[in-house]
Amino acid sequence: MSVCRTQSGKAAVLRLGREDGLFTIESRLFLPRPLETVFPFFADAGNLETITPPWLRFEVVSERPIAMWAGALIEYRLRLHGIPLRWQSEITAWEPPHRFVDEQRRGPYLAWIHEHTFKESNGGSEVRDFVRYAAPGGWLVDRLFVRHDVRRIFEYRVQRLKEIFARPSTWFKSASSLG
């Protein structure tokens with residue numbers, strides 16, 4: 001488990017584990033902004049490019065704007081250890097502003113189920129990511145390669161989110177228009 005402190009002193013927690021035969025990663029982070037500002041940021045699939053490490057060369061290739069709803073499909077391109085990959089995810093649950101789930105339909109994992117939850121907490125928002133995944137090659141490949149990469153991706157994500165939501169931004173002024 002990794003623990004980082006935000007500017008407000010609240011902890012961001014990152015845990016790796018196993019559940020129901022799948023590997024898991026959980027991230028919990030307090031952001032000092034209200035839910036009506038935080039959720040629209042996550043609801044815009046284009047913001048994934050902002051919170052994904054540059055070494056992945058991650059790009060949303062679906063035509064924008066992307067309408068979010070249960071059943072929406074989103075296409076991405078990325079490079080993992082120099083290998084170009086395509087990824088398609090489907091939004092399988094859409095419950096604004098409290099929860100949504102995206103599941104890989106095509107990509108580098110045998111399974112990838114990512115649940116995002118949001119709740120008001122102490123004048124801000126608690127953001128939780130819970131991912132269950134299966135790596136090709138099972139536990140050995142996960143232990144040697146995948147787990148390290150997934151942890152680094154979520155550590156970067158937590159750091160970027162802390163930076164984005166800690167400072168005033170013109171983005172927040174227009175976030176309410178995202179609906």
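**Exercise 1. Enclosed space**

Task: Determine how many cavities of 30 Å³ or more a search of the whole structure finds, and describe the lining of the largest cavity.

Solution.

Step 1. The search of the whole structure yields 2 cavities of 30 Å³ or more. The structure is a predicted model.

Step 2. The largest cavity holds about 520 Å³ of space. Its lining consists of 30 residues, of which Leu48, Thr52, Phe58, His114 and Arg157 are the closest to the centre.

Step 3. Assign the lining to elements. Two or more residues each come from helices H1 (35–43), H2 (48–51) and H3 (138–166), and from strands S5 (73–80), S6 (83–95), S7 (99–106) and S8 (111–121). The largest share, 5 residues, belongs to H3.

Step 4. Sort the lining by class. The largest cavity is bordered by 21 nonpolar, 5 polar and 4 charged residues.

**Exercise 2. The second largest cavity**

Task: State which residues line the second largest cavity and which element gives the most to that lining.

Solution.

Step 1. The volume of the second largest cavity is about 30 Å³.

Step 2. Its lining is made up of Ser27, Leu29, Val127, Asp129, Arg157, Val158 and Leu161. Strand S3 (22–31), strand S9 (124–134) and H3 are the elements that each supply two or more residues.

Step 3. H3 gives the most, with 3 residues. By class, the lining comprises 4 nonpolar, 1 polar and 2 charged residues.

Step 4. Compare the two residue lists. Arg157 is listed among the residues closest to the centre of the largest cavity, and Arg157 also lines the second largest cavity.

**Exercise 3. Strands S3 and S9**

Task: Establish in which sense S3 and S9 pair and over how many bridges, and decide whether Arg128 is buried or exposed.

Solution.

Step 1. The pairing of S3 with S9 is antiparallel and extends over 9 bridges. Within this pairing, Leu31 stands opposite Ser125 in S9.

Step 2. Consider the covering of S3. Of its 10 residues, 9 are buried, and the strand is therefore described as mostly covered.

Step 3. Locate Arg128, which lies in strand S9. Arg128 counts as buried because its relative accessibility is 18%, and the cut-off for a buried residue is under 20%.

Step 4. Identify the surroundings of Arg128. Leaving aside residues up to four places away in sequence, Arg128 touches Glu26, Ser27, Arg28, Glu115, His116 and Thr117. With one of these, Glu26, a side-chain to side-chain polar contact is made at 2.9 Å.

**Exercise 4. An open site**

Task: Characterise the second largest pocket by its volume, its lining residues and their classes.

Solution.

Step 1. About 180 Å³ of space lies in the second largest pocket.

Step 2. The residues that line this pocket are Leu80, His81, Pro108, Tyr109, Pro136, Val141, Phe145, Val146 and Asp149. H3 gives the most to the lining, with 4 residues.

Step 3. The lining residues divide into 7 nonpolar, 1 polar and 1 charged.

**Exercise 5. The whole protein**

Task: Summarise the secondary structure of the protein, the share of buried residues and the sequence separation of its contacts.

Solution.

Step 1. The protein contains 4 helices and 9 strands. Along the sequence, these follow the pattern β-β-β-α-α-β-β-β-β-β-β-α-α.

Step 2. Of the 179 residues in the protein, 46% are buried.

Step 3. Take the contacts between residues at least 6 apart in sequence: 46% of them join residues at least 24 apart.

Note on methods:
Residues numbered from 1 in each chain as written. Predicted model: local features only at pLDDT ≥ 70, side-chain atom pairs only at ≥ 80, totals over all residues. Heavy atoms only, no water. 1 Å grid on protein atoms, 1.4 Å probe; cavity = no way out; pocket = protein on both sides within 12 Å on 5 of 7 lines; lining within 4 Å. Points joined across faces, edges and corners; volume = space filled by probe spheres on them. Nonpolar A, V, L, I, M, F, W, Y, C, P; charged D, E, K, R; others polar. Buried < 20%, exposed > 50% of the residue type's maximum accessible area, 1.4 Å probe, protein only. Polar contact = N/O pair within 3.5 Å; in protein donor to acceptor, adjacent residues only side chain to side chain. Contact = heavy atoms within 4.5 Å. Pairing = 2+ DSSP bridges.
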